[in-house]
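New to this one? Here's a quick tour of its pockets, its cysteines and how far to trust the model.

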Amino acid sequence: MGRDRVLSTGAADSLIDERKLTDAVASGFAAAIGAALAFLGNTAPNPPVGCAILDAQGRLLATGGHERAGLPHAEAAALNALRESGRWDDARTLVVTLEPCNHRGRTGPCTEAILRSPVREVWIGCPDPNPNVSGHGAARLAKAGLAVRTLDGDGPIARRCAALIAPFRRLAVERKPWITVKQAIDRHGSMLPPAGQSTFTSERSLLLAHRLRRATDAIVTGTGTVLADRPGFDVRRLPDHPGRRRLLVVVGNRTLPSDWMEAAAGRFVLRRVPGPDLVPAVLAEAGAMWAMAEAGPSLLASLEEAGLWNDRLVITRGAEGEPDRLAIDVADARAASPLPLLPELSRCLEEGACSLGS
């Protein structure tokens with residue numbers, strides 16, 4: 001994690017540089033983020049969270065991710081895996097992407113599960129964004145005598161942890177969903193594929209598009225797209241979350257084919273709205289944290305002009321024999337976009353082959 005600074009919640013207003021734990025904790029955060037990403041798109045209305053447990057030498061003992069609402073949180077999942085591994089007594093450090101909860105919902109407080117374990121040190125990627133509970137979990141653990149450290153938000157690991165919960169943060173704090181606009185265009189800026197084709201992007205870009213569908217809770221499209229393409233909006237090229245039923249919001253008043261409507265209603269929670277201004281409220285009411293707009297240029301332009309988007313992924317067809325170009329724009333430069341967490345985009349950004357702007 002380089003020189004990410006950490007704030008010890010057990011010692012007010014003090015910043016601690018944990019140089020000796022840098023490699024071990026950084027590896028722990030990488031494992032925790034990976035555990036959370038496995039269930040990205042399956043946890044709403046809860047955030048995706050990952051946890052890793054280390055021994056006294058910093059070796060990884062167990063990981064866990066929050067799979068879906070109603071199932072154990074990431075900390076409990078990791079502790080369960082630890083117990084099953086037979087290494088329970090070796091646990092010393094717990095690394096988690098989001099502050100452990102200190103309240104009882106559909107599952108018990110994660111703080112109490114941690115306190116019943118041998119863990120003596122807890123590292124937190126980012127605090128709970130809910131102002132009603134933020135800091136409570138960290139304070140409970142610190143009060144019990146555990147060393148509790150929260151990344152201060154400046155470094156790359158903290159940014160990845162914040163990106164994991166960006167849609168959850170927006171819904172929890174502002175009651176608005178996170179909306180990603182996805183556009184695929186040719187080298188001349190047209191979204192229309194050649195005659196007789198449904199797409200012009202590469203297999204790698206198609207895999208990215210379907211991974212993004214898998215990661216989101218809802219799809220927003222327009223009647224024009226439905227009439228022109230009769231899209232299925234299903235997840236292909238990789239396995240979807242078992243039993244996942246997403247929200248599909250269709251914008252516009254044009255009459256749609258009854259067979260398409262019937263098929264869509266069988267796979268999605270289907271909603272229709274007359275205009276794009278109603279989209280955020282419909283998404284929020286359904287508890288959708290992260291939505292992707294897959295539509296034609298008119299609807300996408302309307303969403304952007306009205307400021308109803310948070311980030312944008314543009315896939316530009318590459319020249320003959322060259323890969324497609326990928327670009328991410330973020331409406332608010334202060335917000336951490338979840339898009340770079342997707343492996344295709346993460347690798348592309350690391351290689352310098354993608355652009356990330358605002």
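Let's start with a space you can look into: the second largest pocket holds about 490 Å³. Of the 25 residues lining that pocket, N46, P47, H73, C101 and H103 sit closest to its centre. Keep in mind that you're looking at a predicted model, with a mean pLDDT of 89 for the chain.

**More on that pocket**
- Two elements, α2 (74–85) and α6 (166–174), each give two or more residues to the lining of the second largest pocket.
- Sort the lining residues of this pocket by type and you get 12 nonpolar, nine polar and four charged.

**The closed-off space**
- There's one cavity of 30 Å³ or more to find here.
- The largest cavity has a volume of about 90 Å³, and 13 residues line it.
- Closest to the centre of that cavity are L40, P48, A215, M289 and W290.
- Its lining breaks down into 10 nonpolar residues, two polar ones and one charged.

**The cysteines that pair up**
- Search the whole structure for disulfides and you'll come away with one.
- The partners are C348 and C354, whose sulfur atoms lie 1.6 Å apart.
- Their link is right-handed, with 110 degrees about the S-S bond.
- Are these two cysteines, C348 and C354, buried or exposed? Both of them are buried.

**The cysteines that don't**
- C101, already met by the pocket's centre, takes part in no disulfide: the nearest cysteine sulfur belongs to C110 and is 3.7 Å away.
- That distance doesn't qualify, because a disulfide needs the two sulfur atoms within 2.5 Å.
- C101 counts as buried, with a relative accessible area of 10%.
- C110 is in no disulfide either, and the nearest cysteine sulfur to its own is that of C101, 3.7 Å away.
- C110 is buried too, at a relative accessible area of 2%.

**How far to trust the model**
- Of the chain's residues, 89% reach a pLDDT of 70 or more.
- Where should you be careful? Over residues 1–21, pLDDT stays under 50.
- For that stretch, residues 1–21, the model has 49 contacts beyond four places in sequence.

Methods
Residues are numbered from 1 along each chain as its sequence is written. This is a predicted model: local features need pLDDT of at least 70, side-chain atom pairs count only at pLDDT 80 or more; totals for chains, interfaces and linings use all residues. Side-chain values use heavy atoms; hydrogens and water are left out. pLDDT is the predictor's confidence in each residue, from 0 to 100. Contact means heavy atoms within 4.5 Å. Buried means under 20% relative accessible area, exposed over 50%, partly exposed in between (1.4 Å probe, protein chains only). On a 1 Å grid over the protein atoms alone, a cavity is a set of points where a 1.4 Å probe fits but cannot get out, and a pocket is an open set with protein on both sides within 12 Å along at least five of seven lines; lining residues have an atom within 4 Å of a point. Grid points are joined across faces, edges and corners, and a volume is the space filled by probe spheres set on the points. Helices (H or I, at least four residues) and strands (E, at least two) are DSSP runs, numbered from the N terminus. Ala, Val, Leu, Ile, Met, Phe, Trp, Tyr, Cys and Pro count as nonpolar, Asp, Glu, Lys and Arg as charged, and the others, Gly among them, as polar.
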